[in-house]
Amino acid sequence: MSKSSVFLICFTVLAGGSLHAQSVGATFGQVVQLGGTPSDVVLDEGRGRLYLVNTSANRVDIYDYNEKVVAGSYGVGLQPLAAAISMDGAYLYVTNNGSSTLSIVDLDTGNTLETITLPARPEGVEVGADGRVLISTQGTGVGNTNNTLLVFDRSQLQQNQVQPVQFPPPPPTPTGAPTVQARILTTFRGKLKRTPDGRFIVGLSTINNNTQTILYLYEVFSATILKSRTVTGQSTVLSMSPDGSKFMAGFTLYDTQTLQALAQQTPNNMPFLFAGSFNTLQNVGGSAFTADGETLYSAFNAAPFAQPATRPQASTLLISDPRNLVVRLGIKIPESIVAQMVVTSDGANAFGLSESGMIYLPMSTLYDYPILQPETTQVFLAVDECNRGIARAAVRINNLGKGRLTFSVPNLGAALVAQVSSGVAPSQVTFVMEPGRSGVVRQAGTNLYTGTATNTGVGINVNLASLEAINIPNTIRIYMNYRNADQRGQIFPVPTTPNGADGLRDLVLDPLRPRLYIANAGFNRIEVFDTEKQRFLEPIPVGQLPRQMAIGTDSTTMFVANSGGESISIVDLDLGKVVGEVEFPPIPRAGNANITAPFTLAYGLSGLQFIMNNGTQWKVVGNQATLRPTSSIIPNTVPGPQSMLASPNYDFIMTLAGNGSGYLYNALIDSYTAQRQLFNNPIQSYYGTLAASADSSFFLANGLVLNSSLTVVGGVERPGTVQIGPPAGPNQPPTQTVVSGGERNIAAVASVDADTFVRLTTPVRQAINSVTRDDVRTTLERVNVRTRAESLLGVVPENPITSVFNTQRSNVPPRQMVVDSQGTAYALTISGLSVISTQVAGNNTKPGITGGARGVVNSQDGTANFRPGSFITVTGTNLARPATADTLPAPSVLGGSCLVFNDVALPLLQTSPNQISAQIPETLVRPGLNVVQVRSLATAQSSDPIVVTVQRPQ
């Protein structure tokens, strides 16, 4: 064995790019220069070594990771590609592609015991629990699979030591599904990876002259392939979870037993801004699971596709949840990881094969270096009746690690101000929204303004910068809500991720518990909102990019379509957690493309029905996903984007295709029975919203009202121009109709009962600064299907998640609003959840303080004597919804209302329709006469003002 030294690039602060660095600023990790990328790496913890397969030099280098030196090498055959260590740690097996041999190295003596001749050129190698060696090869001919897999058994006679494994073809594309078109653009050699118990081996082999990639599950003791599927183009860089239940192949997460593609690493799951996306066709990079199964380390190529391929950009180490690949941290590393990663069982050390050799990542010391992180990823600023002045919110900026950490805040433009207490973390950034800021013309709603700054209803992403931080800080998303006194409803902000459009996608009511579930796609979870206590509970983690939900007929099981993988999560609503997954068949897929995943689903009397994003129709039988039979009513492949929604009594499902066709499914007979062309090109405005009445007597599709056979009975196909009528009298302005079907964009619809529904509408206008004659704000309207009567219920507090202008088309999920039995509407809006009463406001809903000033008393002695710091009780009628503060500091809005002293909102402890408990703050409220009001954001009403006296502090 020869000794050699290595050059280590330590943790550095880089002013710009260098030969191997792609990240700006400080990086984490050490580059071990080896003169090139090894073709494989094997971890030997018993000896503190890494075995690095050096293909060009026909050897395996030994790296002592305790001493951080190359400690020698083993000479092997020609062009070695892969290596594997026996489970007892005694032997290293190396496949030599150039010489068609298998080298066996005794690790205790350091000698090559023997070299076994193989009948085909080997690629991957792995050792099972029985000590037998599985070898994947290139096969012995073109267009066949002879000798694609071999088993080597040292216990047999020499002539019987190498035996072929039967390699049956994987299942073909099912009848009715589109044929998968895929070709290999990046060459990956066959690889094998065993489960930790050694009972199974997952393999990837390229066959048929490198035109097809096969993924398979091999059972060690029977030497049998249990299951396989075609995944042409899939990266063969493998890592296995510690329990053996799942594995990564390139940036795709698979289930071991079913071979389902569960998820793919995506920027949409990152809490920080990430430019571009991962390159599916040139998907180099690697991953490694930690021994406790709680973390996945990975890095993948984000360089744009090009031929020939450009230099990989995989210099961001992602620290993710291995269950659904949601990203927790992004760490900058000095060089791109382009292949296999390994991590020691104690989690202290990780290694990744890189462009010039290997990167050493001392994970046990990660938090010894500066890590910049804001304490929250969302800030909601509101100027409304509970805060008529300047809105402020402070965000603490932390250093999760050690060392000096300076940072800066980017220029946020004219509409938002950032004030920094210090540029050294820990620090605090205060975001300020001045309603009358010079040059900024704010429109009622959230993030709608023109002038020296313009925003059309998009979250403002604030990205902190630091040359010293080794991580990419989480993005702070800012929402500025500016509302008028007549806008009703309360906003409950919900954090979302900054990349892509995977925010809040769907919401479902659960009246039995009573709760509301919201699919938060970017964070791979279901938000749970308690509709009685009006607050969010602990979320439910599900699969990747949850898009739509459906509660089964048992009212306990909820199915979640995860659009990031072949995944439908089964959630037990009593337990509040995932208890299973729908099993998908191992159909062919393009491994170098995004996953064909569930896009929309609905539950009917005949079970769960869903459509994949390639338009194929499926149903669940037992727990197995099965292609639906062909139908004369609906095409086998439904044009996208598709929408599905079931009627409340589960008897019908309406399906809307992306080309404007509508289809009706009768769940009682498990068949589609009606089809209509509902929308014609050009399709405009919001598209995809659906609803159904409780008795299935009518359906809603965008702006149309349909009967039970999908015949149009009301509404219009697309919004139009608001009609202006003659003046009501002399010297009066022209009349205008604010509420009229077809004249406004319909962003969301929801059924109320068998006769009525509500809709969320926005004005039709060319641009954000266009003048309209109707209400420029988002409105909630009620429509009676039988009488055609339309009424304005109120102006809602903020705008939909997306805004449409001119003749734009905005494809949205089918369910953006629901209404409960109490008449409360819950709508997905730009910053989160808007809760809006559908009750007509009047004297019966107006807050009132009983007895005027006598209705405000000291909570301790019942007198009118109070001063700053005192707890007070207000009695009256229609004051607020029942609620109790469960955070500190106590909120100033609780139960949909606030209590103000001279326009200063007090901290509220408890609210109900007849009583409010609050505290007069030590500051802000001045002694002397104070005008007191209860202001309800929920109903956009205020109590009559009264005057009380606040005494001076003692």
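The paragraphs below lead through a predicted model, taking up a strand hairpin, a loop residue and the internal cavities in turn.

A convenient place to begin is strand β5, which covers residues 40-44. Four of its five residues are buried, so this strand is largely enclosed by the rest of the structure. The partner of β5 is strand β6, made up of residues 49-54, and the two run antiparallel to each other, with five bridges joining them. Within this pairing, Asp 44 is found opposite Arg 49 of β6. Together β5 and β6 make a hairpin in which four residues separate the two strands, and in that turn Gly 48 adopts a positive phi of about 65°.

Further along the chain, attention can move from strands to a loop. Gln 161 sits in the loop that links β15, residues 149-152, to β16, residues 162-164. Is this loop residue buried or exposed? Its relative accessibility is 10%, and because the limit for being buried is under 20%, Gln 161 counts as buried. The surroundings of Gln 161 can be described in some detail: when neighbours within four places in sequence are set aside, its contacts are Ile 116, Val 151, Phe 152, Asp 153, Arg 154 and Gln 156. With Gln 156 there is also a polar approach, since a polar atom of the Gln 161 side chain lies 3.4 Å from the backbone oxygen of Gln 156.

The last topic is the enclosed space inside the model. Five cavities of 30 Å³ or more are present in the structure, and the largest of them has a volume of about 140 Å³. Which residues lie nearest the centre of this largest cavity? They are Ser 685, Gly 703, Glu 717, Arg 718 and Pro 719, out of a lining of 18 residues. Strands β61, residues 685-687, and β68, residues 745-751, each contribute at least two residues to that lining, and the largest share, three residues, is supplied by β61. Sorted by class, the lining of the largest cavity comprises eight nonpolar, seven polar and three charged residues.

The second largest cavity holds about 100 Å³ of space. It is lined by 14 residues, among which Thr 762, Pro 763, Arg 765, Thr 778 and Ser 803 are the closest to its centre. In the lining of this second largest cavity, eight residues are nonpolar, four are polar and two are charged.

Terms used:
Residues are numbered from 1 along each chain as its sequence is written. This is a predicted model: local features need pLDDT of at least 70, side-chain atom pairs count only at pLDDT 80 or more; totals for chains, interfaces and linings use all residues. Side-chain values use heavy atoms; hydrogens and water are left out. Buried means under 20% relative accessible area, exposed over 50%, partly exposed in between (1.4 Å probe, protein chains only). Two strands pair if DSSP finds at least two bridges between them. A polar contact is a pair of N or O atoms within 3.5 Å; within protein, one must be able to donate a hydrogen and the other to accept it, and residues adjacent in sequence count only if both atoms are side-chain atoms. Contact means heavy atoms within 4.5 Å. On a 1 Å grid over the protein atoms alone, a cavity is a set of points where a 1.4 Å probe fits but cannot get out, and a pocket is an open set with protein on both sides within 12 Å along at least five of seven lines; lining residues have an atom within 4 Å of a point. Grid points are joined across faces, edges and corners, and a volume is the space filled by probe spheres set on the points. Ala, Val, Leu, Ile, Met, Phe, Trp, Tyr, Cys and Pro count as nonpolar, Asp, Glu, Lys and Arg as charged, and the others, Gly among them, as polar.
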